Amino acid sequence: MDLFHSHWTQIRCFSTTTSETFDQEIFNRRYLLDTAKRLAKENGKLLVDNPQAKKDLLKAVEDLEKSADAPTPSEVASDLLGDWTLIISTATTPATKDLPSFSLPDPLAQLRQKIIDQTNQNVQVTQRIRSTDDANLAVNRIDHVLEYKPPSKLQELIDNLPEQLAGLDINPLHVSQSKVVLVHKAELQGTKAKLSLQSVVLNVAGTSQQLDPKGKDVASLNLPFGEVLNAGDFETTYLKDSVRISRGKVGPVDQLRVFVRKEEHDDELKTTVVEMVDTMVTDDSTDAVVTAETPAEEADGEDVSDSKPSDGGDGI
């Protein structure tokens, strides 16, 4: 058993033996967030390709779903509205479901991790769920917003470069941020959202004379026959306390995504396990709580609360 799972096993054992009010759903929700964040850091947030990582995430998702009541259509209709930050996304087919994990040689592994780190740092995906109907606030539009902050120097992408190359400017237009917005028409059918892609918008911000520092739409493409050619859907299987799980299927591909409500994102991810435990134990258990306080990533010398969210969208 690795350090991460050993840590959470100890927390669970401690909580169940010291408290009569242990809440399985709270525990599973915190565990899912920690698992999703750890796997995104190791594998990237947009599409995890490691078979074992996919299994670990699926197990954490299923445990949370089983410990909570499924959201009702009325709950989804009212609570789905808002901006949601993608924490992690996977896509699995029957052919790849049971593939064994494998390790890359060191040079390739280092390059892969560098790409993952850059993506996690510079890319964020937000699912923006809206209603343009002021009368009944029914969900009728869902945008997938992909934000990218490009690096300025080549050394930010590649390590150990010669000095003359390390400082090479790879962002001559000084683009500070670009956004690709996929605009969908949406309709809720129970707990499932049906989508059709209507248009794609490119927005760019920068500090050069050619660009607007606040961002400006520089291209837009309207897509005809969206209901037929660009249709998709996702189902909300968990929705509570600013955490959302969505599942979708495109052909043989099973899609799984974990979101956190955007305005709650930092607070949700920075909540430590000890805060959860404190609500379930008596005051005289303080010494025991301290031993369970440090998440696994912190035990390895890294702060689990520093990572930013990633991105992806549902039903495309």
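Helix angles over 145 degrees count as roughly antiparallel, under 35 as roughly parallel, 65 to 115 as roughly perpendicular and the rest as oblique. With an angle of about 160 degrees, α2 and α3 are therefore roughly antiparallel to each other. This is a predicted model, where local features need pLDDT of at least 70 and side-chain atom pairs pLDDT 80 or more, while totals for chains, interfaces and linings use all residues. Numbering starts from 1 along each chain as its sequence is written, and side-chain values use heavy atoms, leaving out hydrogens and water.

**The α2/α3 pair**
- Helix α2 spans residues 24-43 and helix α3 residues 51-67, with their axes 9 Å apart.
- Residues in contact (heavy atoms within 4.5 Å) include Y31, L32 and L39 from α2, and L57, V61 and L64 from α3.
- That contact splits into nine nonpolar, five polar and five charged residues.

**R244 and its rings**
- The charged end of R244 sits over the W84 ring, 4.8 Å from its centre.
- R244 also lies over the face of F259, 4.3 Å from the ring centre.
- Such a placement needs CZ of Arg (or NZ of Lys) within 6 Å of the ring centre and within 35 degrees of the ring normal.

Note on methods:
Axes are lines fitted to C-alpha atoms, for helices over the stretch in contact, and angles run from 0 to 180 degrees between N-to-C directions. Helices (H or I, at least four residues) and strands (E, at least two) are DSSP runs, numbered from the N terminus. Ala, Val, Leu, Ile, Met, Phe, Trp, Tyr, Cys and Pro count as nonpolar, Asp, Glu, Lys and Arg as charged, and the others, Gly among them, as polar.
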